[in-house]
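Thanks, everyone, for making the time this morning. I would like to take you through one model, and I will keep to a helix packing and a pocket.

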Amino acid sequence: EVYKKVAVEMEDDVLDGFQCVLFAYGQTGTGKTFTMEGDISCDSTVALGENAGLVARTACSMFSKLEKRKSMETALGGDSASQELDLTPRSAASLHA
């Protein structure tokens, strides 16, 4: 419910190139970390569990939307290669090399 009210609207903005921040604040012990991360002890083979946090839900949704955009562009005959993102993980040291 929180994800649908807060994060979904920001996803398209991020994918369109805007910088967005989702910030959780509040009193100690109110569930900020659980809301953002969810149950991080769950089985990693499960795509999204019932207790997945905002970060996991948003990342999964954004990758799905990227694939849909890429598929639509390809279907329309556009050059999707010019808009592909390099999502390869890199260490901080490799960024400064």
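I will begin with the packing of two helices and then turn to the pocket.

Please keep in mind throughout that this is a predicted model. Two packed helices are described by the angle between their axes and by the distance between those axes. Here, helix α2, residues 8-15, packs with helix α4, residues 54-75, at an angle of about 50 degrees, and their axes lie 10 Å apart. Because of that angle, α2 counts as oblique to α4. The crossing in which α2 passes α4 is right-handed. On the α2 side the contact is made by Val8, Glu11, Asp12, Val14 and Leu15, while α4 contributes Arg57, Thr58, Ser61, Met62, Lys65, Leu66 and Arg69. Sorted by class, this contact of α2 with α4 holds five nonpolar, two polar and five charged residues.

Now to the second largest pocket, which has a volume of about 200 Å³. Which residues lie nearest its centre? They are Glu1, Val2, Tyr3, Ala52 and Arg57, out of 13 residues that line the second largest pocket. At least two lining residues come from each of α1 (2-6), α3 (32-37) and α4, and α1 gives the most, with three residues. By class, the lining of this pocket divides into five nonpolar, four polar and four charged residues.

If you take away one residue from this talk, let it be Arg57, which takes part in the contact of α4 with α2 and is also among the residues nearest the centre of the second largest pocket.

Notes. Residues are numbered from 1 along each chain as its sequence is written. This is a predicted model: local features need pLDDT of at least 70, side-chain atom pairs count only at pLDDT 80 or more; totals for chains, interfaces and linings use all residues. Side-chain values use heavy atoms; hydrogens and water are left out. Axes are lines fitted to C-alpha atoms, for helices over the stretch in contact, and angles run from 0 to 180 degrees between N-to-C directions. Helices (H or I, at least four residues) and strands (E, at least two) are DSSP runs, numbered from the N terminus. Angles under 35 degrees count as roughly parallel, over 145 as roughly antiparallel, 65 to 115 as roughly perpendicular and the rest as oblique. A crossing is left-handed if the near helix is turned anticlockwise from the far one by less than a right angle, and right-handed if clockwise. Contact means heavy atoms within 4.5 Å. Ala, Val, Leu, Ile, Met, Phe, Trp, Tyr, Cys and Pro count as nonpolar, Asp, Glu, Lys and Arg as charged, and the others, Gly among them, as polar. On a 1 Å grid over the protein atoms alone, a cavity is a set of points where a 1.4 Å probe fits but cannot get out, and a pocket is an open set with protein on both sides within 12 Å along at least five of seven lines; lining residues have an atom within 4 Å of a point. Grid points are joined across faces, edges and corners, and a volume is the space filled by probe spheres set on the points.
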